[in-house]
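Got your viewer open and your selection syntax handy? Load the model and let's walk through it.

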Amino acid sequence: MKLRIASCLLASTAFSFSTAKAAGVRGKDSNTSKQQRRVLQGNTPAKYLVQDIQYQHDESGRRLNLFQNLPEKLDTVELEDGLIYKINDGGFVPPGWTVSGQDIFLPPSTIIDDATATITLPNSGSDRLLEGDAYVPEVESTITEDQERNRSQLRRQMAVVGQKTVLAVKVAVSDGAYEYDPSYLECKVFGTTNGSADNCNDSYHLTNAYSECSYGKLQFTKATNDICGNDNVSSISNGVVTVTLPTASTTDDDEEVIRNAVTSALNTAFGSATSLADHVMYCLPPNTMFGGVWDSDHANGGE
């Protein structure tokens with residue numbers, strides 16, 4: 001059962017330095033219909049991402065019983081168009097995939113299901129499936145997989161400094177929408193309303209929170225304004241854009257499916273969602289995600 005809460009999902013643009021192909025022609029209506037289940041015929045470049053999940057806790061700091069048996073991390077894959085797919089539960093994950101943000105390739109016979117936003121990898125034994133060194137045997141190491149993950153996360157946290165752009169996306173579907181208007185979202189993320197700090201009256205927002213926590217080493221700024229002629233996607237203004245998915249619903253579609261539909265809509269409207277900002281925050285309608293759950297897909301050094 002899903003609880004009715006509004007949630008935001010923050011994802012780095014893991015392909016911000018790639019030559020991602022546009023999913024459509026700028027200015028035309030976005031196509032949010034589900035594609036067919038497909039099987040890859042050849043090696044396909046991608047990125048391996050670890051999805052961190054934070055669950056709601058009680059006053060003592062213990063996770064609520066509703067979430068006790070749910071995972072804290074999920075293995076996902078991001079394609080060059082910015083769409084992210086969860087590796088099926090119990091699915092094979094190659095031993096070389098240990099660092100979030102790695103360049104990999106998806107082998108032939110990989111199954112992609114857009115209706116569920118999942119991916120099934122063929123069982124390729126001990127093949128690493130890393131881009132550039134396919135079929136190179138894994139080197140033995142005394143470092144465990146958990147230790148390597150912790151080390152990669154530390155490197156990632158140390159690498160995230162400097163000035164980074166952010167785009168906040170208000171998402172609306174056929175039976176609901178993120179409940180706050182774009183000006184409120186601008187205020188809570190950037191500390192301004194309609195571009196002016198005087199109209200916000202919020203001294204503690206996402207931008208200054210990260211600045212203070214990093215001792216001024218991480219500064220968030222607004223994504224560049226951009227005009228869109230698409231009926232389902234607004235222009236980007238003051239770091240915020242609104243995406244409407246008329247064929248999606250909170251009752252029929254999971255968070256992963258809606259997220260990919262939003263990415264496809266941004267691809268169609270602006271050429272490439274991954275080029276719009278260093279970080280893209282998806283603010284989803286109530287009843288989209290399991291109550292109290294926040295997740296992010298992160299790439300090592302790419303956030």
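The tour goes through the nonpolar cores and then the cysteines. Keep in mind that this is a predicted model.

**Stop 1: the largest core.** Select Val169, Val233, Leu245, Val262, Leu266 and Phe270, and show their side chains. You're looking at the residues with the most contacts inside the largest nonpolar core, which has 25 residues. Now color by secondary structure: strand E9 (162-173), strand E12 (240-245), helix H4 (255-270) and strand E13 (279-284) each put at least two residues into this core. Linger on H4, since this helix gives the most, with seven residues.

**Stop 2: the second core.** Next, pick Leu40, Leu83, Tyr85 and Ala117. They're among the 17 residues of a second core, separate from the one you just left.

**Stop 3: the disulfide.** How many disulfides does the structure hold? Just one. To find it, select Cys187 and Cys200, whose sulfur atoms sit 2.0 Å apart. Check the torsion about the S-S bond: it comes to 75°, and the link is right-handed. Cys187 belongs to helix H2 (residues 182-190) while Cys200 is in the loop between H2 and helix H3 (206-213), so the pair ties together parts 13 residues apart in sequence. Switch on a surface if you like: Cys187 and Cys200 are both buried.

**Stop 4: two more cysteines.** Is Cys213 buried or exposed? With 61% relative accessibility, Cys213 counts as exposed, because the cut-off for exposed is over 50%. Finish on Cys228: its relative accessible area is 11%, so it falls under the 20% limit and counts as buried.

Notes. Residues are numbered from 1 along each chain as its sequence is written. This is a predicted model: local features need pLDDT of at least 70, side-chain atom pairs count only at pLDDT 80 or more; totals for chains, interfaces and linings use all residues. Side-chain values use heavy atoms; hydrogens and water are left out. A nonpolar core is a set of buried Ala, Val, Leu, Ile, Met, Phe, Trp, Tyr and Cys residues joined through side-chain atoms within 4.5 Å. Buried means under 20% relative accessible area, exposed over 50%, partly exposed in between (1.4 Å probe, protein chains only). Helices (H or I, at least four residues) and strands (E, at least two) are DSSP runs, numbered from the N terminus. A disulfide is a pair of cysteine sulfur atoms within 2.5 Å.
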